[in-house]
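Biologist: Could we go through this structure together? I would like to begin with one strand and its neighbours.

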Amino acid sequence: MKITRLFLIVLLLLAGHAEAATISGQVMDAISRKPMEGIEISLKWYGGDHRIRDATDSQGRFQFQLAQMLPAEALQRRSLNLLFSQQGYIAESILLERLPDAAFNLNHERIELTPVEGSSPSDPGSYTTLYVLPYQVPQGSNLSDPQEMQTLITEYLTSGVDMYLQEIAVPAPIENFGLQSLGMDTEVKISNTARVIDFGYQLKDALAIVGGRAGTRLTDEQQEQMEFSSRYVIVPGIEGQTGRVMRWDDALPTGLISSRMIADRLNRLWGRNTVRAIALAAYNRAMTADAETKLVLLKKAEEFLKAELRDAGTDEPLVAELDELLQQVKEARKP
Amino acid sequence: MNQLIRTLFLSMMLVLSLNSGAGERVAFIPGAQIGGEKVLSHLKLKSVITEFLDPQNTGLGKSIGYLVWRETLAAISDQAGAGVILAHPPGEQRIVELLRQDYHKAALEIAKYEEAPIALWGRVTRDQGRLIVDTACTLLPEISDTALKVRLSTKDPRAADKDPLTLQAVIPRTRFSFAWVETTRKRLFERSLVTGYAGAVLRAEPNKNARKVATLPANRGLQSVDMQGAWFRVHLDDGETAYVNAGSVMLPPREVTAAGRRVQFYRNPDKGSAKLKQVKLNSLYQVLDSRYLRKGVWYRIKAGDDEGWVEGWRVTPRFSLPAVHFLAGLFRYFAQKYDIAEQEFGQFIERAGANTRNRVMATAYQLRAASRLLKERHAFDADKQAVLSDLEKASRLTPYDPSNYNLQVIAQLGAFPDESKALKALQRALALDADDPTALGLAKKLSKIADRPRDTQYRRLIRFTPQQKLEIEKLTIPR
């Protein structure tokens, strides 16, 4: 999937008193570029979800008012996850966050889903490493030295994630788990999901690949704003299983480029996504394993998900997804 | 990381006293098998602090490791059988050059080898002129059975009670990443020091071969202005500066608080000296000087125009990093010094900061609640509102965690008998995780209590209605 509007900044759209919460956009096939009709969109928050079947028309367009379909409780949450899915495509989710007194908003978003076909591993790897692609900072942006800024952002954002990952290795650390920052000359762009996943297969041990883009713009108040669009791509380990892509956006004044707040938030999301990736990899492998191995793998997935949920607050992003996966794993464990 | 060798610097060994907290350093080099003589092996409870990573080469990784080591020792200086080990690369080598991704594993390997159930490690970075210190702590409960247990028992050692009621829960979290602390060199290193029990040598440069400037006797106050590696730069009386190794000084807290208490100021660190004035202390006060005496520590502080010595136990120390309070709280908890543990976890909660992860804050509240429950001789005397408020806060922070509700069961049955609330809490715990071993253990225990004859100790304390008994039975059916 590609995001054609490079830096759609949800938080900016939400700033101030936004009008009614509106979600609209268009879903396209990333390869054929044709509109996709009948896509399912799931809206997830802590404590519930709402599925919209056949959400897109023949032009791939979707538009709806959240207030008409979600309970008030969901609209009060700090974050909401939108999952776009269709059989045979890699599901993509967008994390929406809102400021107090603002509404969730996503307007005229163009989403491209990548078919699963043609992106299967020839030799399933070991799923032990989280790879970090360098954040892309386009030449010609307002930043003084894009190359230097690219290095700074990538290093800064990766510097804290290792500490989080030490924590998630509970209760049973996966062997040889590691975080690997890829070089600045890596040609793969995080926005090209199909390419990222193929790259993941080439790496042999990729559990997931994370990266993003960053740039600047002037706000209405003429303040320079740094904008991030980050993506976490879970590499589907087993043929026929789909991966997951998650995207979230953030913005902050350029003066706070190295703010720990942003690094901490991103690292927390990376960490939580990593727990999901580990559990999903174990679940996927369990589905094709013999009975004994299946139980071991499902138990492992369950332990990881339980451990992460035990530590989560109610209003934190991804809690609904972790809980859903846990129920799925528990269901699979039943005799 | 199983290929570490540690060269033990026994010559640098510093034991503060036979009965109090002790410190030791070990150096490690990757590339050879773990081995060598274990340090502080005579002590029951130890932690390993690993030199802090310094990826940006601020020059402070080593200093902060030493600082946290000495502060932790000061925090537990009166605790018998406790010790702190600092693990550092030999000489002036930086740990980041030796270890990269394996830093945490190395800290754990060393802790395991030294049979220390607590490992603390961290990192220092610079961010636009500010210093950012990250700290993390890992517990190894498998070492010397040091799980964080909360155990209440009706057994009275004076009574011949053959059928005691015992309730037990575990605080299961073992890994903690603390919120980063933004600080400055001045706040970390500009402070008072006291020479250790073996005295201290002052040198012209920060290395052990530099010219000796002076030799000071034990328990002599010094003023530090900065730190370089393992060496404090201190002011001398003649206005010159010299260096003293962190391993040869005690590091009192930089500041103390007293929560509005009236505290007696004395002319000297001695209760027999002239009493100056009673002063109400309701702020933070910098420690100007201190002394570690047989009967306890003394601090010299200034409050407004009043300056004098106060007894250490009358005030609450404030260490450089909230992590030091957490670590000190763990030491006190394991040693069953629950009143001081409550104070240390309270200090941690107060200072932990808005960026503290839910899991860490929830555990701090759990530990403070447990300390409040256990510090009384009879749990019935515990401050009900304070205990339940802490457990409620923990539940709000981590609502999916069954251990919050297990602890509520313990409190509601063992201290403030409310069978109905206890049962609801247990149901909640098992709804979150039907396999939670603590909750299952508690369900079995409740079932036993409900089955007991009316005249036993159990039933005198706790009475379930027939309806509640049925609900308990449902909980014990395997799912």
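Modeller: Certainly. Please bear in mind that this is a predicted model. A good place to begin is strand β6 of chain B, which spans residues 130–139.

Biologist: Is β6(B) mostly covered or mostly open, and how many of its residues are buried?

Modeller: Strand β6(B) is mostly covered, with 9 of its 10 residues buried.

Biologist: Which way do β5(B) and β6(B) run, and how many bridges join them?

Modeller: They run antiparallel, and 10 bridges join them. Strand β5(B) covers residues 118–127. At one position in this pairing, D127(B) stands opposite R130(B) of β6(B).

Biologist: And the turn of that hairpin: how many residues lie between the strands, and which one takes a positive phi?

Modeller: The hairpin of β5(B) and β6(B) has 2 residues between its strands. Q128(B) takes the positive phi, near 50°.

Biologist: What about β10(B): how many bridges join it to β6(B)?

Modeller: There are 3 bridges between β6(B) and β10(B), the latter being residues 181–183, and the two strands run antiparallel. Within this pairing, V133(B) has V181(B) as its bridge partner.

Biologist: Then β9(B): in which sense does it pair with β6(B)?

Modeller: The sense is antiparallel, over 3 bridges, with β9(B) formed by residues 175–177. Here C137(B) of β6(B) is partnered by F176(B) in β9(B).

Biologist: Changing topic to R203(B): where does it lie?

Modeller: R203(B) lies in strand β12 of chain B, which comprises residues 200–203.

Biologist: Is R203(B) buried or exposed, and what is the nearest side chain of opposite charge?

Modeller: R203(B) is buried. The nearest side chain of opposite charge belongs to E205(B), 11 Å away, and R203(B) has no salt bridge. A salt bridge would require a side-chain nitrogen within 4 Å of a carboxyl oxygen.

Biologist: What does the side chain of R203(B) reach, then?

Modeller: It reaches the backbone oxygen of K208(B) at 3.4 Å.

Biologist: Which residues does R203(B) touch, leaving aside those up to four places away in sequence?

Modeller: R203(B) touches K208(B), A210(B), R211(B), K212(B) and V213(B), and also W231(B), A242(B) and Y243(B).

Biologist: Finally, chain A: how many helices and strands are there, and what share of its residues is buried?

Modeller: Chain A has 9 helices and 12 strands. Of its 335 residues, 59% are buried. The chain exposes about 13,700 Å², of which carbon and sulfur atoms supply 48%.

Biologist: And of the contacts in chain A between residues at least 6 apart in sequence, what percentage join residues at least 24 apart?

Modeller: The figure is 69%.

Terms used: Residues are numbered from 1 along each chain as its sequence is written. Chains are lettered from A and ligands numbered from 1 in the order in which they are written. This is a predicted model: local features need pLDDT of at least 70, side-chain atom pairs count only at pLDDT 80 or more; totals for chains, interfaces and linings use all residues. Side-chain values use heavy atoms; hydrogens and water are left out. Helices (H or I, at least four residues) and strands (E, at least two) are DSSP runs, numbered from the N terminus. Buried means under 20% relative accessible area, exposed over 50%, partly exposed in between (1.4 Å probe, protein chains only). Contact means heavy atoms within 4.5 Å. Accessible areas come from the Shrake-Rupley method with a 1.4 Å probe; for residues, only the protein chains shown count as cover. Two strands pair if DSSP finds at least two bridges between them. Lys and Arg count as positive and Asp and Glu as negative; His and the chain ends are not counted. A polar contact is a pair of N or O atoms within 3.5 Å; within protein, one must be able to donate a hydrogen and the other to accept it, and residues adjacent in sequence count only if both atoms are side-chain atoms.
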